[in-house]
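Trainee: I'm new to reading structures. Let's work through this one together.

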Amino acid sequence: MLVLGIESTAHTFGVAIVRMQAAEQPQVLANVRRTYTTTSGGLIPAKLSEHHMNVFSSVLSDALVQAGASVPDVGLVAYSRSPGIGHALRIGAGVARSLALRHSIPLVGVNHCVAHLEVGRVLSGRDDVSLLYASGANTQVLAREGGAYRVFGETLDLGVGNFLDTVARLLGLGFPGGPQLEELAKQYSGPLIELPYSVKGMDVSFSGMQTAVKRLIESGASAQGIAFSVQETVFAMLVEVSERALAHTGKECLVLGGGVACNARLQEMCRLMCVDRGVEFFAPPNEFLVDNGAMIALLGARVFAQSGGVAVSKAGIDPYERVEQC
Ligand code: ATP
Ligand code: FE2
């Protein structure tokens, strides 16, 4: 069966076509996305929905062409119903509903955060995984336990990517800041600059470090030294809470998700921790780490097999749904 997955929770509008095959690894035939960017830093919801409205038909047709498929070949339409920015979610849900209605295709709505977990689970080939989800807006450690999805730890203030983007902005760098900090950090060979390390149980917080970085910049510290020290400190915090979640849940594999997880140093630190603990580590290719339609298709197939689809008239959105409510 072909599953068409639509991602539309925030900046990215994505469409994927995935072939689900009994007893075999699913095959991602196409995974196309366009991302709304802005130089002003701020995100205006009305502009975001305008962007998604402008790109959805070309993203959809590019995905179908790449997959060599047409809409009537599709056996299931899956869309991201939660959580996210209402203006963006509505476009994806609207496109999904129209396709389902026009072509009488079953429809299913899924949670975006769980989809990051599911793509790691499927691509790693490991059934029982814990996810470090490190993106712009989200920072969570989550897993399925006791028949439910649970968040074991999360940020108490900013998402890690938004924090890195703020540091980059303070240093006068453009958006997105994470990749630029990664490059700067590689150019530094001096000692670690001490920064507030804030782990509370399995939660993390970044606001104290943000204040400390502002002071460092005022005191004339080098951008390379700041980038290196911020990365080392922040990633150590994420690795610590991921390890604690692994110890708590007894999961045998850590998978990564989210744009920040594209960072080679974060991947290296996670891998080292997993080797030390004797558990598996899996970082999906970058196209599956960032927001993408393939993860929505994969989770949609699982949800549909377990509990069926949703009527078009009831296929809504939920900008605030938590993983625990799924
Ligand atoms: P979500 O809706 O899941 O929160 P998002 O809209 O924030 O996702 P993502 O593509 O998952 O989008 O993540 C974007 C973030 O990832 C940005 O903050 C960006 O700076 C950060 N990022 C991307 N590449 C890297 C990298 N190599 N190192 C560190 N951070 C990175
Ligand atoms: Fe995401």
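**Strands, domains and spaces**

Trainee: Which residue of E8 stands opposite Arg144?

Mentor: First, some housekeeping: residues count from 1 along each chain as its sequence is written, while chains are lettered from A and ligands numbered from 1 in the order written. This is a predicted model, so local features need pLDDT of at least 70 and side-chain atom pairs count only at pLDDT 80 or more, though totals for chains, interfaces and linings use all residues; side-chain values use heavy atoms, without hydrogens and water. Strands (E, at least two residues) and helices (H or I, at least four) are DSSP runs numbered from the N terminus. In E8, the residue opposite Arg144 is Tyr149.

Trainee: How many bridges join E7 to E8?

Mentor: Two strands pair if DSSP finds at least two bridges between them. E7 and E8 run antiparallel, and their hairpin has two residues between the strands. Gly146 in that hairpin takes a positive phi near 60°. The bridges between E7 and E8 number six.

Trainee: Which strands stand at the edges of the sheet with the order E8-E7-E6-E11-E12?

Mentor: That open sheet has five strands with mixed pairing. An edge strand here has a single partner, so one of its sides is left without a neighbour in the sheet. That fits strand E8 (148–154) and strand E12 (280–282).

Trainee: By how much are neighbouring strands of this sheet turned against each other on average?

Mentor: Axes are lines fitted to C-alpha atoms (for helices over the stretch in contact), and angles run from 0 to 180 degrees between N-to-C directions. For these neighbouring strands the direction is ignored. The average turn is 25°.

Trainee: Which residue in E11 is opposite Leu131?

Mentor: Strand E6 (residues 129–134) and strand E11 (residues 253–257) run parallel, joined by five bridges. Across that pair, Leu131 stands opposite Val255.

Trainee: Which strands are the edges of the other open sheet, with the order E3-E2-E1-E4-E5?

Mentor: Here too there are five strands and mixed pairing. An edge strand pairs on one side only, and that goes for E3 and E5.

Trainee: And what is the average turn between neighbouring strands there?

Mentor: Again the direction is ignored. The average comes to 20°.

Trainee: What angle does the direction of H2 make with that of E4?

Mentor: Strand E4 (residues 74–82) pairs with E5 in the parallel sense over five bridges, and Ala78 stands opposite Val108 in E5. Helix H2 (residues 86–103) packs on this sheet, touching strand E1 (2–7), E2, E4 and E5, where contact means heavy atoms within 4.5 Å. Its direction makes an angle with that of E4 of about 160°.

Trainee: What about H10 and E1, what angle do their directions make?

Mentor: H10 packs on the sheet as well, touching E1, E2, E3, E4 and E5. With the direction of E1, that of H10 makes about 125°.

Trainee: How far apart are the centres of domain 1 and domain 2?

Mentor: Domain bounds come from an automatic or database domain assignment. This one gives domain 1 as 2–116 + 288–325 and domain 2 as 125–287. Taken over C-alpha atoms, their centres are separated by 27 Å.

Trainee: How many residues of domain 2 take part in the contact?

Mentor: Domain 1 gives 16 residues to the contact. From domain 2 the number is 20.

Trainee: Which element gives the most to the lining of the largest cavity?

Mentor: On a 1 Å grid over the protein atoms alone, a cavity is a set of points where a 1.4 Å probe fits but cannot get out, a pocket is an open set with protein on both sides within 12 Å along at least five of seven lines, and lining residues have an atom within 4 Å of a point. The largest cavity holds about 30 Å³, a volume being the space filled by probe spheres set on points joined across faces, edges and corners. Strand E7 (139–145), E8 and helix H7 (223–249) each supply at least two lining residues. With three residues, the top giver is E7.

Trainee: Which element gives the most to the lining of the second largest pocket?

Mentor: That pocket has a volume of about 260 Å³. Of its 14 lining residues, Gly109, Asn111, Tyr149, Val303 and Cys326 lie nearest its centre. Strand E5 (107–111) and helix H10 (293–307) are the elements giving two or more residues. The most, five residues, come from H10.

Trainee: Where does the cis bond into Pro176 lie, between which helices is that residue's loop?

Mentor: The peptide bond from Phe175 to Pro176 is cis, with omega near -5°. Most peptide bonds are trans. The loop holding Pro176 lies between helix H4 (160–170) and helix H5 (177–186).
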